[in-house]
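Reader: I'm new to this and would like a close look at just one part: the salt bridges. Please take me through them slowly, and then show me how they sit in the whole picture.

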Amino acid sequence: MARKQDEDDKAPMGVGAPEGSQDRLYRDIARRLMDRINDGTYPVGGRLPAEREISAEFNVSRPTVREAIIALEVQGVVEVRVGSGAYVRRQTSAAETPGFGVTAFELTEARLLFEGEAAALAATNISDEELAELAALVERIGKQQTTELAEADDREFHMLIARATRNAAIVRTIDSLWTLRQTSPDCALLHAKARTAQVKPVIEEHMAVVDALRSRDPARARAAMRTHLGAVIEHLLFATEEEAIERAKQAAQDTRARFARSISM
């Protein structure tokens, strides 16, 4: 899935962030936006500034701003309207502490670290039968009619690799990461946006992992898995960009309709 990236989107996790923490950045931006909502700078019912404006003002990347807005959306502080922007729904009370879950970007970064090493270990232990099953899963992912079914097969693909490590602790760890994807409100929201944007598991990326495992080369398997999960982060970024595209399309349609009404008068 090719797309032109902003320079600040090219390092999706932690690169160039103060103290090396994108996590702290997005939470800090969410709190600062919440402060402005509470002091009336951004009034209830009003629209937040555009993502690019917030990014420029706070000198952070646009992915950081997206995570901050998603965190506020999960908490019911803002509402993101496709084709319009993010609107303030409510102020928070003085006693209310901002809550933050695991974000989809944090989760995928953790998966990249754990599943990359799991793939390296699996390369030395995986059986021919398991390799055949992985290839069959990739084929099935490509044929699924819905994103939800493809995602279920995707989970089984990754869990099969975890089981091929022959390490129960690794299996439990990776299973818990996948469970977080469904149970963390922040993760669930962004993955729902990805489904709306028609972002699906990419067959070529999965086959590259299978081929690397088939070579029995741990370094190659690690690299293939890390490349795949790095691409997942890019796909999630695309999902939020897709919303911006839809907003632009809607704005253009509104402009055309307004001019058409003016001409007919």
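**A close look at the salt bridges**

Author: Let's start with one side chain, Glu117, which has a relative accessibility of 42% and so counts as partly exposed. The reasoning is that partly exposed covers what falls between the buried cut-off, under 20%, and the exposed one, over 50%. Before we go on, keep in mind that this is a predicted model.

So what does Glu117 pair with? Its salt-bridge partner is Arg222, and the closest N and O atoms of the two are 2.8 Å apart. Now find both in the sequence: Glu117 belongs to helix α4 (residues 104-125) and Arg222 to helix α10 (residues 218-264), so this pair links distant parts of the chain, 105 residues apart. Arg222 has a relative accessible area of 27%, so it is partly exposed too. The general idea is simple: side chains of opposite charge can pair when their charged atoms come close.

Next, hop over to Glu139 and Lys143, another salt bridge, where the closest N and O atoms are 3.1 Å apart. Here the partners share a helix, α5 (residues 128-143), and because they are four residues apart, about one helical turn separates them. There's a handy rule behind that: an α-helix has 3.6 residues a turn, so residues three or four places apart point the same way. How open are these two? Lys143 is exposed, at a relative accessible area of 56%, while Glu139, at 48%, is partly exposed.

A third pair is Arg81 with Glu79, whose closest N and O atoms lie 3.6 Å apart. Arg81 is partly exposed, with 35% relative accessibility, and Glu79 is likewise partly exposed at 35%.

Salt bridges can also join up into something bigger than a pair. Look for Glu51, Arg62 and Arg66, which are linked in a network of salt bridges. How many salt bridges are there in the structure? The count is 15.

Now step back to the chain that holds them. It has ten helices and two strands, and in sequence order they run α-α-α-β-β-α-α-α-α-α-α-α. The link between α4 and α10 joins distant parts of the chain; more broadly, among contacts between residues at least 6 apart in sequence, 75% join residues at least 24 apart.

For a helix to set beside these partly exposed and exposed side chains, try α6 (residues 147-163). Twelve of its 17 residues are buried, so the rest of the structure largely encloses it. Charged residues are in that buried set as well, including Glu151, Asp153, Asp154 and Arg155. From its first C-alpha to its last, α6 reaches 24 Å, close to the 24 Å expected at 1.5 Å a residue. Over the whole protein chain, buried residues make up 45% of the 265. What the chain exposes comes to about 13,200 Å², and carbon and sulfur atoms supply 52% of that.

Last, how far does the predictor trust its own work? The mean pLDDT of the chain is 81, with 77% of the residues scoring at least 70. Confidence is highest in helix α9 (residues 203-214), at 96, and lowest in α10, at a mean of 72. Remember that α10 is the helix holding Arg222. Residues 1-23 stay under 50 in pLDDT, and the model gives them 43 contacts beyond four places in sequence.

Conventions:
Residues are numbered from 1 along each chain as its sequence is written. This is a predicted model: local features need pLDDT of at least 70, side-chain atom pairs count only at pLDDT 80 or more; totals for chains, interfaces and linings use all residues. Side-chain values use heavy atoms; hydrogens and water are left out. Buried means under 20% relative accessible area, exposed over 50%, partly exposed in between (1.4 Å probe, protein chains only). Contact means heavy atoms within 4.5 Å. Accessible areas come from the Shrake-Rupley method with a 1.4 Å probe; for residues, only the protein chains shown count as cover. The expected span of a helix is 1.5 Å times one less than its number of residues. A salt bridge is a side-chain nitrogen of Lys or Arg within 4 Å of a carboxyl oxygen of Asp or Glu. pLDDT is the predictor's confidence in each residue, from 0 to 100.
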